Amino acid sequence: MTIYTVAERAGVSISTVSLAINAPHRVSEETRARVVAAAGALGYRTGSATARVGGGTRVAVAAPFSTYSTYFRRFAGMLVRARETAIELTAHDLDSAASVRAPLLDALPARRGIEGLIVMGVPLGSAAMRASREAALPLVLIDVRRARPVGDDAPVVLVDDEAGGRLVGEHLRERGHSRVIYLGEPQLSRDYISAGMLRMQGLSEHVAITRVTSALDADPTPALLAALSKRDGPTAIVANHDEFASRAWRGLATSGLSVPDDVAIVGFDDGPLADGLGLTTVRQPFEESGRVALDLLLGIAAGTNGPVRRVDLVPSLVVRSST
């Protein structure tokens with residue numbers, strides 16, 4: 001099966017097929033779906049079709065790496081696990097699901113030389129799911145929750161974000177806080193359930209929430225000060241990740257507010273930044289999620305993964321000086 005066969009079936013040129021596979025953002029959604037459907041129906045994947053996962057072949061790991069550094073920590077967990085195998089891991093950067101109106105990924109499973117696929121943080125569309133099944137491409141998801149599941153979805157590894165929100169809510173309530181700000185980035189699409197949505201759900205069981213959104217590269221200080229200054233306003237900030245928390249802390253300190261005396265701050269993730277700042281945060285088992293996902297992929301390839309379709313990992317609260 002060749003690229004010419006796919007082009008003929010999809011009714012496009014071979015250059016369009018190449019673009020749909022290697023640069024899908026340069027092809028219209030309709031054309032991309034037609035190419036992916038044709039490739040899936042024909043069982044087409046570029047590269048060797050005889051290689052097997054575990055035999056020196058490539059596993060693609062796709063995630064919004066350039067947007068969220070925590071995906072590198074998940075990838076690091078895979079790299080450590082891959083030392084014990086003959087697998088070569090290749091990274092592919094994706095747009096953040098929160099930053100686009102149509103985040104569903106449809107084209108990646110046909111990329112050159114891929115014999116296994118792990119997708120993190122961005123939901124797959126029905127065409128991608130269908131193509132991966134028809135091409136017998138082992139597939140595992142991490143941190144992906146579609147709002148509308150697609151039939152028999154791929155195995156997924158998740159961190160229990162709702163439980164993480166409960167841990168924060170319980171802790172802040174014990175510290176005397178009943179109203180908090182949840183600081184996160186805007187979500188343009190409702191095609192997926194974000195970690196922030198689940199964290200707020202757990203948090204809301206213990207405290208009242210005021211939602212403040214800010215772009216990842218913007219200063220959230222003005223919006224935070226406006227919310228904090230209201231009568232009977234919030235007395236704590238829960239940030240969607242530690243970088244947001246540190247930015248909020250810096251902005252409030254510049255404005256003359258003291259942490260935690262005037263306002264408490266909690267983050268999510270727990271890395272060197274949180275440790276250095278003394279930030280209370282929710283520790284997520286990122287490296288473990290990467291190892292578990294790669295093990296699931298190996299089990300699928302070997303036909304030994306059994307009935308496991310979902311693995312939920314448990315976060316923990318790390319209390320430091322910011323609360």
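This passage describes the overall fold of the protein chain and then the surroundings of one helix, in a predicted model.

The protein chain contains 11 helices and 12 strands. Its radius of gyration is 22 Å, close to the 20 Å given by the globule rule for 323 residues, so the chain is as compact as a globular protein of that length. Taken along the principal axes, the box filled by the C-alpha atoms is roughly 65 × 40 × 30 Å.

Of the 323 residues in the protein chain, 55% are buried. The area that the chain exposes is about 14,100 Å², and carbon and sulfur atoms supply 50% of this area. Contacts that link residues distant in sequence were also examined: among those between residues at least 6 apart, 73% join residues at least 24 apart. With regard to charge, the protein chain carries 35 positive and 35 negative charges, and the mean positions of these two sets lie 3 Å apart.

Helix 7, which spans residues 195-203, illustrates burial at the level of a single element. This helix is mostly covered, with seven of its nine residues buried. The buried positions are Ala195, Gly196, Leu198, Arg199, Met200, Gly202 and Leu203. These buried residues of helix 7 pack against one other helix and several strands: helix 6 (161-174), strand 6 (179-184), strand 7 (208-213), strand 8 (236-239) and strand 9 (264-269).

Note on methods: Residues numbered from 1 in each chain as written. Predicted model: local features only at pLDDT ≥ 70, side-chain atom pairs only at ≥ 80, totals over all residues. Heavy atoms only, no water. Helix = DSSP H or I, 4+ residues; strand = E, 2+ residues; numbered from the N terminus. Rg over C-alpha atoms; globule rule 2.2 N^0.38 Å. Buried < 20%, exposed > 50% of the residue type's maximum accessible area, 1.4 Å probe, protein only. Contact = heavy atoms within 4.5 Å. Areas by Shrake-Rupley, 256 points an atom, 1.4 Å probe, with all protein chains shown as cover. Lys, Arg positive; Asp, Glu negative; His and termini not counted. Charge placed at Lys NZ, Arg CZ, Asp CG, Glu CD.
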